[in-house]
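Thank you all for coming; I would like to walk you through one model this morning. Please have the sequence and the structure open while I talk.

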Amino acid sequence: MVRDLGVGLGLRPDHYETILSERPSIDFFEALTENYLVPGGKPLHYLDRISAQYPIVFHGVSLSIGSTAPLNMDYLNQVKGLIQRTKPLWVSDHLCWTGVDGTNLHDLMPLPFTEEALDHLVTRVSQVQDYLGQQILLENVSSYLTYQSSEMSEQEFLVELANRADCLLLLDINNVYVNSINHAFDANEYLRAIPSAKVAQIHLAGHERQGSFIIDTHSTPVIDEVWALYERACRQWGLVATLIERDADIPPLEELLIELDKVRLCRQSALLP
Amino acid sequence: MSKLALLQESFQQLVLRGHGPAIELFFGANAPDFDARLLTYSNGYRARLVEALGVTYPGVQTVLGSNFESTMMKYVEQNASTHFSIRYYGRDLSQFLANERDIPFHSMLADLAAFEWLLAEAFDAADDNPVGMESLAVVPAQDWGEVSFEFRGALRLLTTHSNAVQIWQSLKDDGEAMDPVCFDQGMDWLIWRKDLATYFRSIEALELRTLLAARRGASFSQLCELIAAETNESEAPLKAASLLRGWYTEELIQAVKVP
Ligand SMILES: [Fe+2]
């Protein structure tokens, strides 16, 4: 079992100063790995100070674990260096690919849910875990197109990967909701298939409607349907470290603290019989 | 090529070029809003890179105004991102703008982009510590001529042939850009970081030559010779000492090397 870190927030430069001066009551921060893979200066200065006062976890976007291009060892080496510097409680990235042929699309490109992709992922995840000397967390991503070639459901794929590669999951409940609309499946059924022992962290975020589908923008508050799914997930998995992500239209910290209180309430009510 | 590799190759081509070989093998094209869903990927790719360029090049963005997006789109079409971090996207923007002869004041914009790229480099350059004048106190008098200096990692130099840096400053001060002017004569700039803040100033030709020599490892007496050759012999050591004092005050030096 992974330790429940409580209720956390994505660490964003807009909030650095407020965090240090006001020491808000937040249980942990999730820092975007790539933002700190720089030689020095402000980003690392603030990360050092904030990590001295709060537990930190890292969340990357460029591991490209599902890509058929070779693993980027320069990237992994720098991540390893950052882990040694900051000593995060864990490191996560996304269950996706971000490019081939040396190109980085800087997007979380979806994988088809096939045996071939699973085999490929299992090898790569163990390479990464061996190299970093720790289990990693992989997050389910939002996607907009449905692969005809998929041989299983997204949740089957996720569970199979976690079991076979011996990695952990970062379950983004908003992404489950987004995909349940985009690919027309039952979000509750999805969550029921995920065993609690594999879920180390949860993400909550907002999104934007676009006609018949939803785009995962992280630009708005969490919607009621996602809160409802979260409550159900809490009951099913017990208390899991939960984080609110906001990447665009970032409001002042106080506003996000109110949303974090809502997470706390959900967690408490899930404990009630 | 494996099925997965073919899929990724196709999908990436689709995002980058708008057409991917055999893409119909992977998607059911009769899904509702299929085209809009595809565009989420290809438009998203472009929007993210243009946004990243705006973060690194806020001055270029303000000066180009409503032409920023279309100009950056052209850059994006010609330059894929190859780094794992989007922070390093846009390295060649200055060169690109220099060649965009149809854009008004393109050479000033090229200078401005070069300046903003170097500001970004100084911003997150490796941390090192400055030494003060006291580092010279330990040098015995007879060794003075032989000492040399190690400069800090964030230090950058730039030559402009326009008032791009002044325009950047005017944008910062009151949000208004001055009129662009180009010069035949180059103007040199020094960019560096003190604690967490980035600084810049213009640098005169003699100081620049002295600084470049010092950076290459020239000793104090070699710096005096260089200055003497351009001014006059008797004032050279004084001039060298005064430049050095300035560099110390600005925290440009991280070590003194005594042979
Ligand atoms: Fe997420």
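Let me begin with A:Ala184, which is found in the loop between helix 6 (173-182) and helix 7 (187-192) of chain A, where helices (H or I, at least four residues) and strands (E, at least two) are DSSP runs, numbered from the N terminus. Before going further, I should say that this is a predicted model, in which local features need pLDDT of at least 70 and side-chain atom pairs count only at pLDDT 80 or more, while totals for chains, interfaces and linings use all residues. Residues are numbered from 1 along each chain as its sequence is written, chains are lettered from A and ligands numbered from 1 in the order in which they are written, and side-chain values use heavy atoms, with hydrogens and water left out.

The phi of A:Ala184 is near 50°, a positive value in a residue other than glycine. Most residues other than glycine have a negative phi. A:Ala184 is exposed, at a relative accessible area of 68%; here buried means under 20% relative accessible area, exposed over 50%, and partly exposed in between, with a 1.4 Å probe and protein chains only. A:Ser64, also not a glycine, has a positive phi of about 55°, but A:Ser64 is buried, with 8% relative accessible area, and its place is in the loop between strand 3 (56-59) and helix 3 (73-86) of chain A.

Now to the metal. Which residues are the protein donors of the iron ion? They are A:Glu139 (OE), A:Asp172 (OD), A:His203 (ND1) and A:Glu245 (OE), lying 2.0 to 2.4 Å from the ion, where donors are N, O and S atoms within 2.8 Å of the metal (3.2 Å for Na, K and Ca), and water is not among the atoms, so sites may look incomplete. The 4 donor atoms subtend angles of 83 to 170°, which makes the arrangement irregular: four donors count as tetrahedral if all angles lie between 85 and 135 degrees, four count as square planar and six as octahedral if opposite donors are over 155 degrees apart and all others between 65 and 115, and anything else is irregular.

A:His203 lies in strand 7 (residues 199-204) of chain A and A:Glu245 in the loop between strand 10 (241-244) and helix 9 (253-271), so the pair ties together parts that are 42 residues apart in sequence. A:His203 is buried at 0% relative accessible area, and A:Glu245 also counts as buried, at 4%.
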